[in-house]
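Welcome, and thanks for taking a look at this structure. Let us walk through it together, one part at a time.

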Amino acid sequence: MYYMLALQTRPHEASTPHAAAPAASRGASFVVDGMQFAYRPGKDIFRNVSLKAAPGEFVALLGPSGCGKSTLLNLLSGFLAPNAGVVTIDGRAVRPELDELGYVFQAPNLFPWLSVQENVRFGLRMAGRLGRDEQKRKALHYLDLVDLADVADELPNRLSGGMQQRVALARALVLEPRLLLMDEPFAALDAITRGAMNEELLRLWSTLGQTILFITHDVEEAVFLADRVIILGFPPDGIDSEVVVDLPRPRERRRSRTLPRFAELCDVLLQRIAGVMESRSRRPLAPGTEPVQ
Ligand SMILES: Nc1ncnc2c1ncn2[C@@H]1O[C@H](COP(=O)(O)OP(=O)(O)OP(=O)(O)O)[C@@H](O)[C@H]1O
């Protein structure tokens, strides 16, 4: 039932064709200001990076392997602390335990011995939020939203990869985060399932209105989903550039992908990534790493 509701009401997408945030957004803003970060002294991953997202904005983070996408996400979630600069969520210094934050990763990482419903309920139990019946009701509500209420009592190993990832999404959503951090959440899925998950994510976002930061390697996925795509350069360059995705919403795979603007935007992103790769290949080798003649 809730899934149908999500399909029918798309306040964000219907009313704001290009804008970032739905009118009554539940999303949190985030600000990264003058951030410097290194895992080891003298080896900066980021140097003076600044970046913002408005409440309810869908931001994709794109870049070649090793450019620092996951590191940036870990800094935004407070799992890593910057060496300089600030990271705030709605004006508060970030900490991993902030209620505002939710996570979805590439692997669903469900507990195999717990039912689907118990997996989704787990975070509420750990946080001691709500009574047992209310936790169950809420878990079922979010399972319904991802169209999995009918497998609530199954164990995860009875589900396909795509279904397991939808459970992981419901598990994040049940905590009602205002900022959803997604690290290549659909990368392990086949192309058809991935496309369906992309559409499903847009439906949920248009109903729930979180701010989303979504890491991907896939330019088409970035263009289909995002309001804005941030391209990262190789360390320590930080942000290479940004591209605003001015495609109309609501977006549907078959319709959006046939728009000439869709192809243009993909092309712009591919060129930017090629520029990032090229700038790295032109970079002088670090002392001691010159090829032996
Ligand atoms: N725990 C760590 N300790 C030291 N260096 C690290 C650590 N994690 C990542 N790095 C380095 O930081 C840089 C950025 O890594 P990161 O995983 O953030 O990149 P990424 O863009 O997410 O890559 P991918 O797309 O392959 O997942 C890389 O050079 C990587 O080797």
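What follows is a short tour of the chain as a whole, then its sheets, then its helices.

## The chain as a whole

Please keep in mind that this is a predicted model. The chain holds 10 helices and 10 strands. Of its 293 residues, 40% count as buried. How do its contacts spread along the sequence? Among contacts between residues at least 6 apart in sequence, 71% join residues at least 24 apart.

## The sheet of six strands

One open sheet has 6 strands in the order 6-7-8-3-9-10, and its pairing is mixed. At its edges stand strand 6 and strand 10 (239-244), each of which pairs on one side only. From one strand to the next, the twist averages 20°.

Strand 7 is a good place to step inside this sheet. With strand 6 (residues 101-104), strand 7 pairs in the parallel sense over 4 bridges. Within that pairing, Leu-101 has Leu-179 in strand 7 as its bridge partner. Strand 7 is also joined to strand 8 (residues 211-216) by 5 bridges, and these two run parallel. Here Leu-180 stands opposite Ile-212 in strand 8.

Is strand 7 buried or exposed? In strand 7 (residues 179-183), 5 of the 5 residues are buried, so the strand is largely enclosed by the rest of the structure. Its side chains can be sorted by direction: Leu-179, Leu-181 and Asp-183 point one way, while Leu-180 and Met-182 point the other way, and all are buried.

Moving along the sheet, strand 8 also meets strand 3 (residues 58-62), through 5 bridges and in parallel. In this pairing, Leu-62 has Thr-216 in strand 8 as its bridge partner.

## The sheet of four strands

A second part of the tour is an open sheet of 4 strands with the order 2-1-4-5 and antiparallel pairing. Strand 2 (43-53) and strand 5 (92-93) are at the edges with a single partner strand each, so one side of each has no neighbour in the sheet. Strand 1 (residues 30-40) pairs with strand 2 in the antiparallel sense over 7 bridges. One residue to look for is Val-32, whose bridge partner in strand 2 is Leu-51.

The table gathers the strand pairings described so far.

| Strands | Sense | Bridges |
|---|---|---|
| Strand 1 and strand 2 | antiparallel | 7 bridges |
| Strand 6 and strand 7 | parallel | 4 bridges |
| Strand 7 and strand 8 | parallel | 5 bridges |
| Strand 3 and strand 8 | parallel | 5 bridges |

As background, strands of a sheet pair through backbone hydrogen bonds, either parallel or antiparallel.

## A helix that lies across both sheets

Which strands does helix 3 lie across? Helix 3 (residues 69-76) lies across strand 1, strand 2 and strand 4 (84-89), and runs at about 120° to strand 1. Helix 3 also lies across strand 3, strand 7, strand 8 and strand 9 (228-232), running at about 155° to strand 8.

## Two pairs of helices

Helix 4 (residues 116-127) and helix 5 (residues 132-145) have axes that come within 9 Å and cross at roughly 120°. The two helices are therefore oblique to each other. Helix 4 passes helix 5 in a right-handed crossing. On the helix 4 side, the contact is made by Val-116, Gln-117, Val-120, Arg-121, Leu-124 and Arg-125, which meet Gln-135, Lys-136, Lys-138, Ala-139, Leu-140, Tyr-142 and Leu-143 in helix 5. By class, this contact has 7 nonpolar, 2 polar and 4 charged residues.

In the loop between helix 4 and helix 5 you will find Gly-128. Why does Gly-128 count as exposed? Gly-128 has 7 C-beta neighbours inside 10 Å, and a residue is exposed if that number is 12 or fewer. The C-alpha atom of Gly-128 is separated by 23 Å from that of Ile-89, with the two residues 39 apart along the chain.

The other pair is helix 6 (residues 161-173) and helix 7 (residues 191-208), which pack at an angle of about 20° with their axes 11 Å apart. Helix 6 and helix 7 are therefore roughly parallel to each other. Their crossing is right-handed. Gly-162, Gln-165 and Leu-173 in helix 6 meet Thr-193, Met-197, Leu-204 and Leu-208 in helix 7. This contact of helix 6 with helix 7 divides into 4 nonpolar, 3 polar and no charged residues.

Notes:
Residues numbered from 1 in each chain as written. Predicted model: local features only at pLDDT ≥ 70, side-chain atom pairs only at ≥ 80, totals over all residues. Axes fitted to C-alpha atoms, helices over the stretch in contact; angles between N-to-C directions. Parallel < 35°, antiparallel > 145°, perpendicular 65-115°, else oblique. Left-handed = near helix turned anticlockwise from the far one by under 90°. Contact = placed C-beta atoms within 7 Å. Nonpolar A, V, L, I, M, F, W, Y, C, P; charged D, E, K, R; others polar. Buried ≥ 20, exposed ≤ 12 C-beta atoms within 10 Å, placed from the backbone. Pairing = 2+ DSSP bridges.
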